[in-house]
Amino acid sequence: MTVTRFAPSPTGYLHIGGLRTALFSWLYAKHTGGTFRLRIEDTDMARNSEEALAAIIEAFDWVGLSYEGEVVYQSKRFDIYKKYIDQLLAEGKAYKCYMDKEELDALREEQMARKERPRYDGRYRDFTGTPPVGREPVIRIKAPQEGMIYFTDGVKGEITIAASEVDDFIIARSDGTPTYNFVVAVDDALMGLTHVIRGDDHLYNTPKQIVVYKALGFKIPHFYHVAMINNEQGKKLSKRDGATDVMEYKKLGFLPEALLNFLVRLGWSHGDQEIFSLDEMIALFDPKDINRSASNYNLDKLMWLNAHYIKNTPNEKLAQLLKPFGVDISEHDKLELLLDATKERGKTLVELAEQIKLILHTPETYDEKAVQKAFKGDAKEILADFSAMLQGWERELHLPCDYHEVLEHFVSSKEIGFGKIGMPLRVSLLGSMTGSGLDEIMSILGMQETVARIQKVIDMVE
RNA sequence: GGCCCCAUCGUCUAGCGGUAAGGAUCCCAGGUUUUCAUCCUGGUUACAGGAGUUCGAGUCUCCUUGGGGUCACCA
């Protein structure tokens, strides 16, 4: 049974890089019929924040990732860690180190001065004397002093790191609280993790965690270290590069399925396939197909995917999604027509909302260039004639094809080209030269409003 | 700086010793559309460099270069 997890530290919002590793972990659990767990890495009491945790859960909710079981809070498991630390102490696999921070800093400076790698020198490793008085020790674990630590990474392959690179690192602070590399290993083991998928910034933590696994006799899971997502210039992704907070994408009018599809294709692929529904991702995702190199964030591709998903979202649902963007058309009797006429013209919900507002509201302003171009010559007269024809039309006007019939009849009887009436008509209806089809717009507006908008322009234009 | 990882079109990627190096995005051109968008068709652009191994290297090895990560009583 596969068990994967996402283990963020609650220090900020959910980053899109974090969402991708969470997605990979979640997909693999689903793919194998296993479980996906959520654990909060909050052992540093000074840096926790309730809001951050809420933000992470909110983002999970929005994109539709679900975790199984209770959320594990490391801050509530200190007694468990304490037990294992005592065990290691009793077995001689860990020891108390009485060096304080000042001494440690001094040691580091010496080593740096000698151009050596700063590392703990192991001076208390076999200490048997009388400890300094009035000083609370930290607990260090005994790491192997020679040889190699090796493991197989599911993404990178065989990784070997000299044991000399890993020093006797601290597993418990002088105040007794355990540290990251220790609790991660303990919890991953206790939670029964079979596959650990995480960012490759954790690659160097892995040998340390393996030291803990071995000392405690735990089974070592499979590791997958996923390369980072960089910005469009190939540099580290930062807030300056735009949205890094997952929830920011919601505000910008992105659909969660587009964001997920975008992220899953960053570092993972399945042949030439670009579009993946969640079910397809689950069916096809295998961590062995994760790419070893870093990838660049690419807004164009995200936009394209978002446009694709907007086009393929049912109108009813789109109407609901549009509400936070200032457009409530859920009760509109021409809802279907309205969205069919606009959904191919917006790459985001924000843009789609703008398109809809253009139709819903009588134009307050008119694009100057469009007016100049469209109202040369006898455009006003033509518009007036067309308006009259609409009003005098003997049959009821409802569907786009009804209006189309009027338009066709108009140009043929007047012996003019479509452009003669098309341009000024579009400007009168939308205030702009571009936009949805005229037949659709008039059908949505109805004859009365169409006539009113034409009249408004006629009255206004000199 | 030490250690570790990475390297195919601008970008995301396919490739798994023998291909005219494929797809997607972007961009450009044409078509459809009374406009715009969508959609369709076509086009430009890539194996970082250098040595090997091999009958034959994008694919294997080494070096160089260039990126990235990491070196806490943070996670």
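## Chain A and its surface near RNA strand B

Chain A contains 18 helices and twelve strands. The model described here is predicted.

**Overall form**

The C-alpha atoms of chain A occupy a box of roughly 110 × 45 × 35 Å along the principal axes. The radius of gyration of chain A is 32 Å, whereas a compact globule of 462 residues would have one near 23 Å. Of the 462 residues in chain A, 50% are buried. When contacts between residues at least 6 apart in sequence are considered, 74% of them join residues at least 24 apart.

**The nonpolar cores**

In soluble globular proteins, nonpolar side chains tend to be buried together. In chain A, the largest nonpolar core has 102 residues, and within this core F386 and L425 touch the most other members. Apart from its neighbours within four places in sequence, F386 is in contact with V406, L407, F410, I421, L425, M442 and I454. A second core, separate from the largest one, consists of 35 residues, including I141, I159, F182 and Y213.

**The surface near RNA strand B**

RNA strand B is surrounded by 57 residues, of which R173, Y204, G267, E344 and R345 are the closest. Of the atoms of RNA strand B that come within 4 Å of the protein, 69% belong to sugar and phosphate. By residue class, the surface near RNA strand B comprises 24 charged, 19 polar and 14 nonpolar residues.

The backbone of chain A also takes part in polar contacts with RNA strand B. The following table lists three residues together with the part of the strand that each approaches.

| Residue (backbone atom) | Atom of RNA strand B | Distance |
|---|---|---|
| R265 (N or O) | sugar or linking oxygen | 2.8 Å |
| G267 (polar atom) | phosphate oxygen | 2.3 Å |
| G437 (N or O) | base oxygen | 3.5 Å |

Several helices and strands contribute to this surface: those giving two or more residues are α4 (101-113), β7 (157-162), α5 (180-190), β12 (295-296), α10 (299-311) and α17 (418-430). The element that gives the most is α10, with four residues.

G267 thus appears twice in this description: G267 is among the residues closest to RNA strand B, and a polar backbone atom of G267 lies 2.3 Å from a phosphate oxygen of the strand. For G437, by contrast, the backbone atom lies 3.5 Å from an oxygen of a base.

Notes
Residues numbered from 1 in each chain as written. Chains lettered and ligands numbered in written order. Predicted model: local features only at pLDDT ≥ 70, side-chain atom pairs only at ≥ 80, totals over all residues. Heavy atoms only, no water. Near = heavy atom within 4 Å. Polar contact = N/O pair within 3.5 Å; in protein donor to acceptor, adjacent residues only side chain to side chain. Nonpolar A, V, L, I, M, F, W, Y, C, P; charged D, E, K, R; others polar. Core = buried A, V, L, I, M, F, W, Y, C linked by side-chain atoms within 4.5 Å. Buried < 20%, exposed > 50% of the residue type's maximum accessible area, 1.4 Å probe, protein only. Contact = heavy atoms within 4.5 Å. Rg over C-alpha atoms; globule rule 2.2 N^0.38 Å.
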